[in-house]
Amino acid sequence: MGRGPKKHLKRANAPKHWMLDKLSGSFAPKPSAGPHKMRECLPLIIFLRNRLKYALTGDEVKKIVKQRLIKVDGKVRTDVTFPAGFMDVVTIEKTGEHFRLIFDV
């Protein structure tokens, strides 16, 4: 048995509201510890890659985030698995776009 918290997340165990397909890989990005629970958040990598289509791969998302172009609630976030949650405002500096996360239930 490993020690400490689990660092991996299988795609089948990911929350359903992330809308990840089952067959395009075996792992999903596990959200890092933060202000929202794992089941009530959306990691930045899924938001930028799967929802907004700003990147095709996780590596491209990492490059975007490390350039300090993404703000969550007015603070620059450089963690690709930062958990953005309900009513958070995600701002993209270069395009001047603002997105508020609201989930359809």
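**Exercise 1.** In this predicted model, list the residues in contact with I70, leaving aside its neighbours within four places in sequence.

Solution. Step 1: set aside the residues up to four places from I70. Step 2: read off what remains, namely L44, L48, I64, V65, K75, V76, R77, V90, T91 and I92.

**Exercise 2.** V65 appears in that list. Find the element that holds V65, and decide whether V65 is buried or exposed.

Solution. Step 1: V65 sits in helix α2, which covers residues 58-66. Step 2: its relative accessible area is 0%. Step 3: buried means under 20%, so V65 is buried. Step 4: beyond four places in sequence, V65 touches L48, I70, R77, T78, D79 and V80. Step 5: V65 and V76 are eleven residues apart along the chain, and their C-alpha atoms are separated by 8.9 Å.

**Exercise 3.** Place T91 in its element and find the polar contact made by its side chain.

Solution. Step 1: T91 belongs to strand β5, residues 89-92. Step 2: with a relative accessible area of 11%, T91 is buried. Step 3: the T91 side chain makes a polar contact with the side chain of H98, at 3.2 Å. Step 4: outside four places in sequence, T91 touches L69, I70, K71, E97 and H98.

**Exercise 4.** Which residues of the largest nonpolar core touch the most other members, and which element gives the largest share?

Solution. Step 1: the core has 22 residues, and W18, L48, V61, I70 and V90 touch the most other members. Step 2: two or more residues come from each of α1 (44-51), α2, β2 (70-72) and β5. Step 3: the largest share, five residues, is from α1.

Note on methods:
Residues numbered from 1 in each chain as written. Predicted model: local features only at pLDDT ≥ 70, side-chain atom pairs only at ≥ 80, totals over all residues. Heavy atoms only, no water. Helix = DSSP H or I, 4+ residues; strand = E, 2+ residues; numbered from the N terminus. Buried < 20%, exposed > 50% of the residue type's maximum accessible area, 1.4 Å probe, protein only. Contact = heavy atoms within 4.5 Å. Polar contact = N/O pair within 3.5 Å; in protein donor to acceptor, adjacent residues only side chain to side chain. Core = buried A, V, L, I, M, F, W, Y, C linked by side-chain atoms within 4.5 Å.
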